[in-house]
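Here is a short round of questions on metal sites, cysteines and a pocket. Please look at the model as you read.

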Amino acid sequence: MTVDVRLVRSDEPAGYCAELLAVAVSESDPGTAWAALPEPLLEAIGPARRDVRGRAGHVVVVHTALAEGPARVALIGVGKSEDWNAEALRRFAARAVRAAEERELEACTIVVHPGGLDAALAVQATAEGALLAAWRFEELRSAALEPDAGPRTRVSAVDLVIEAGHRTAAEAGLAVGRALADGQNFARTLQSRPGNIATPAHLGVAAESMAREVGLEVEVLGMERIREERMHALLAVNQGSAQEARFIVLRHRGGGTEGPWVALVGKGLTFDAGGISIKPALGMEEMKFDMSGGAAVMGALRAAADLDLPLNVVGLVPSTENLISGEAVKPGDVIQTRGGRTVEVINTDAEGRLILADALDYAKELGAAAIVDAATLTGAVVVALGRHATAVLGTDDELVQALLGAGELAGERCWPLPLWSEYRKQLKSEVADMMNVGGREAGTITAAWFLREFAGDVPWAHLDIAGTAYGTEPLPYQRKGAYGVPVRLLVEWLRGRVA
Ligand code: BES
Ligand code: MN
Ligand code: ZN
C-alpha cells in the first residue's frame, strides 16, 4: 500500500484542513509554535496550550470545533532546540502519524519544523518519519483482527506544510525521503516474512519483481550457476537444507560505462537454525531475520534506482538456510571457498561469514572500487554495543569515517571496532587456511577478520547489524520486529559519494 504525501503551503491554510494537524512544540521556546498558527486555530485550541511544555514525545490532541480547518490539533513535544536534528524530525513526524492512527484517521497534516535545518533535509526527514511510521506488515493476518492487533485504519495520506519560499528544496527533500522510506519499508516487509515464505527462491523472485518496478538490472543465480561460480562455501552451508540456494545480483547503472562500481553485499540467511551446532530453542524464531543484511541491500538498491543516483552500484545477496540433515556440513569439515582458500568449519553456526566469503570474492572479481557488507553476523555485537549502534569495521579509514557520518545523518548510527592484526591469530587452523570461528573473545572482531581475508585489497567495510536490524523496543517510526536498518545509512553513504 502506498501512502500519498503532498506538499502544501503555509500561507494557504485552507489547503490543509485535514482531520488532524500536527504541530511541533519546542521545549526551549513553546511560543514559536503558537506564532506559526493562524489566529482562528490558535483561538480554537485556547487554553489547552498551557498543558504543553514541549517535552520530547509528549502529545496533546485538542478538538477545535472549527467549521473550516482541522478538526483536531496534535501538539507534539520535540524537546530542546539544542537537541534538534533530522532524527528529532523523524520522531516528530512519526508521532503525528501515530496520533492519527490511534484515532482511526486516514490522513494527517504535519507542519514541517525545520528548526534551523536546511529546508530539503527537514522535509526529507519528516517524510521519512511519516512513511516509516505508516508502514505495517499485515499480509499474513486474516481479516478478523485480534483485539490487540492495533488500529484497523491505516494512514494513507500525509500533507506536509512548508513555507512558500521553500518549494523547490522541499520537492527535492521529499523525493529523497520517499525513496529512503520506500527502500526501507521494502526491506522491512521482506524481513518480516517468515522462513517458510521468504525462502532463498522467494528472495530471488522478490528481487526480480522489484528490479522490474524501479528499473534495476537483475540476475538471480540458481544452484547450477552457483556451482559454476565455484561458490563452495555458500554450497556447504546450503548442504543441510531442502531449499535451493540463490545468489542475487542487482545492478544500478547510474555512473556510465566507464564509472567504477560500488558493491553492497548483504547476508541473506533466510533461517539460521545453527546447523549441526544447533541453536537453543528459545528465541530461535528470530532467526528468520538472519536475511536482514540482504533485505537492506535490496532496499538500498531500490532507493538508488528511485533516486537515479549517478553511480554504478551492484548489490550482492548470497541466500540459503542453515539447517540440519544427514547431508549437513559438520564441525571439523574443511571446505573450499570461491577464491580457493580452505576453511575448517569449527562451528556450523558461524555460517554467515562463509556465504559472505564467496560473495566478497565475487565483488572483488567484479573490480569493485569499494565494498560494504551488512550482516546479522554475531551475537557478540550486542554485548559490545547493545542495540543502539551497528558495529563498523574495515580496512579503509576514509570509508569507515564516511559510514560513521552517513549513519549519523540517517539516524542509523554505527560505531567502530578495531581490526588489529593481533586478532587474526584467533582464526589459525591446524589443518586449513583458517577456522571459521575465533573463540569466545572479541567475537565481532574475529568474524570481521574472517571477512577481511576475502575482501583483499579493495577498500572494504563491514556492518554487523545483529543488534540493530530488528528488535522489540522500536523507535517511534518503527514497530516491533523488522527495522530495515541499515537501508538509510547505506543510501546516505551512496549519496555522499556523489561529488
Ligand atoms: N545469525 C547469527 C548471529 C546472530 C545471533 C544474529 C543473535 C542475531 C542474534 C550467526 O550466524 C551466528 O550464529 N553467530 C554465532 C557465531 C559463533 C558461532 C562464533 C554467534 O554469534 O553466536
Ligand atoms: Mn549462525
Ligand atoms: Zn546467521
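The questions and answers below go through these topics in turn.

This is a predicted model, where local features need pLDDT of at least 70, side-chain atom pairs count only at pLDDT 80 or more, and totals for chains, interfaces and linings use all residues. Residues are numbered from 1 along each chain as its sequence is written, chains are lettered from A and ligands numbered from 1 in the order written, and side-chain values use heavy atoms, without hydrogens and water.

Q: What is the arrangement of the six donor atoms around the zinc ion (ligand 3)?
A: Donors are N, O and S atoms within 2.8 Å of the metal (3.2 Å for Na, K and Ca); water is not among the atoms, so sites may look incomplete. The protein gives K267 (NZ), D272 (OD), D290 (OD) and E351 (OE), 2.0 to 2.4 Å from the zinc ion (ligand 3). Six donors count as octahedral if opposite donors are over 155 degrees apart and all others between 65 and 115; anything that is neither this, nor four donors that are tetrahedral (all angles between 85 and 135 degrees) or square planar (the same rule as for six), is irregular. The angles here run from 78 to 176 degrees, so the arrangement is octahedral.

Q: Which residue coordinates both the zinc ion (ligand 3) and the manganese ion (ligand 2)?
A: The manganese ion (ligand 2) has protein donors D272 (OD), D349 (O), D349 (OD) and E351 (OE) at 2.0 to 2.2 Å. Its six donor atoms make angles of 69 to 167 degrees, and the site is irregular. The two ions are 3.1 Å apart, and the residue that coordinates both is D272.

Q: Is E351 buried or exposed?
A: Buried means under 20% relative accessible area, exposed over 50%, partly exposed in between (1.4 Å probe, protein chains only). D349, at 22%, counts as partly exposed. E351 has 0% relative accessibility, so E351 counts as buried.

Q: How many disulfides does a search of the whole structure find?
A: A disulfide is a pair of cysteine sulfur atoms within 2.5 Å. C108 is buried, at 1% relative accessible area. C414 is buried too, at 4%. For disulfides, the search of the whole structure gives zero.

Q: In sequence, how are the donor residues of the zinc ion (ligand 3) spaced?
A: Among these donors are K267 and D272. Both K267 and D272 are buried. The spacing along the sequence is K-x4-D-x17-D-x60-E.
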